[in-house]
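Work through these exercises with the model open beside you. Try each task before you read its solution.

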Amino acid sequence: DHITPTTYAEAMASPDRDKWIEAMQSEINEHQARNTITPTVVPVGTKVIKTKFIFKIKEHADGTIDKYKARLVAQGFKQ
């Protein structure tokens with residue numbers, strides 16, 4: 001059974017750290033390619049909607065790992 005991290009800190013402390021970094025970078029690259037995210041400097045006092053990564057291990061039917069998936073989601077409930 002594979003352990004899926006629930007936080008960024010857990011992903012970075014995981015033995016699969018490199019796989020999680022690769023998954024997060026892939027997700028960021030996809031957002032940049034679709035122009036749905038732009039790194040920027042925000043003026044002081046500006047209200048920002050924070051984001052976080054949701055981690056998931058995709059498995060084949062036999063239980064072997066297919067891929068590591070990191071999804072970047074907005075925490076809009078904190079608006």
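**Exercise 1: The two strands**

Strand β1 (residues 51–59) and strand β2 (residues 65–74) run antiparallel and are joined by 9 bridges. The model is a predicted one.

Task: Find the residue of β2 that stands opposite Lys52, then describe the turn between β1 and β2.

Solution.
- Step 1. Go to Lys52 and look across to β2. The residue opposite is Val73.
- Step 2. Follow the chain from β1 to β2. The two strands form a hairpin, with 5 residues between them.
- Step 3. Check the backbone angles in the turn. Gly63 has a positive phi of about 95 degrees.

**Exercise 2: The aromatic rings**

Task: Classify the ring pair of Trp20 and Phe55, and decide whether each residue is buried or exposed.

Solution.
- Step 1. Start with the total. The structure holds 3 aromatic pairs.
- Step 2. Take the pair of Trp20 and Phe55. Their ring centres are 5.2 Å apart, and the planes meet at 75 degrees.
- Step 3. Apply the cut-off. Planes over 60 degrees apart count as edge-to-face, and the pair of Trp20 and Phe55 is edge-to-face.
- Step 4. Place both residues. Trp20 is in helix α2 (residues 17–33) and Phe55 is in strand β1. They are 35 residues apart, so the pair links distant parts of the chain.
- Step 5. Apply the burial cut-off, under 20% relative accessible area. Trp20 is buried because its value is 0%. Phe55 is buried too, because its value is 7%.
- Step 6. Widen the view. Trp20, Phe53, Phe55 and Tyr68 form one aromatic cluster.

**Exercise 3: The nonpolar core**

Task: Say how many residues the largest nonpolar core has, and which elements give two or more residues to this core.

Solution.
- Step 1. Count the members. The largest nonpolar core has 11 residues, among them Trp20, Phe53, Phe55 and Tyr68. Ala11, Met12 and Leu72 also belong to this core.
- Step 2. Sort the members by element. α1 (8–13), α2, β1 and β2 each give two or more residues.
- Step 3. Recall the general rule. In soluble globular proteins, nonpolar side chains tend to be buried together.
- Step 4. Zoom in on Phe53. Beyond the residues up to four places away in sequence, Phe53 touches Met24, Glu27, Ile28, Ala70, Arg71 and Leu72.

**Exercise 4: Glu27 and the largest pocket**

Task: Is Glu27 buried or exposed? Which element supplies the largest share of the lining of the largest pocket?

Solution.
- Step 1. Locate Glu27 in helix α2.
- Step 2. Glu27 is buried, because its relative accessible area is 4%.
- Step 3. List its contacts, leaving aside neighbours within four places in sequence. Glu27 is in contact with Phe53, Lys69, Ala70, Arg71 and Leu72.
- Step 4. Turn to the largest pocket, which holds about 180 Å³ of space. Its lining includes Glu27, Lys69 and Ala70.
- Step 5. Sort the lining by element. α2 and β2 each supply at least two residues. The largest share, 6 residues, comes from α2.

**Exercise 5: Two loop residues**

Task: Decide whether Ser14 and Asn35 are buried or exposed.

Solution.
- Step 1. Find Ser14 in the loop between α1 and α2. Ser14 counts as buried, because its relative accessibility is 17%.
- Step 2. Find Asn35 in the loop between α2 and β1. Asn35 counts as exposed, because its relative accessibility is 66%.
- Step 3. Check the backbone of Asn35. Its phi is positive, about 55 degrees, although Asn35 is not a glycine.

Note on methods. Residues numbered from 1 in each chain as written. Predicted model: local features only at pLDDT ≥ 70, side-chain atom pairs only at ≥ 80, totals over all residues. Heavy atoms only, no water. Pairing = 2+ DSSP bridges. Helix = DSSP H or I, 4+ residues; strand = E, 2+ residues; numbered from the N terminus. Phe/Tyr/Trp six-rings, centres within 6.5 Å; stacked < 30°, edge-to-face > 60°. Buried < 20%, exposed > 50% of the residue type's maximum accessible area, 1.4 Å probe, protein only. Core = buried A, V, L, I, M, F, W, Y, C linked by side-chain atoms within 4.5 Å. Contact = heavy atoms within 4.5 Å. 1 Å grid on protein atoms, 1.4 Å probe; cavity = no way out; pocket = protein on both sides within 12 Å on 5 of 7 lines; lining within 4 Å. Points joined across faces, edges and corners; volume = space filled by probe spheres on them.
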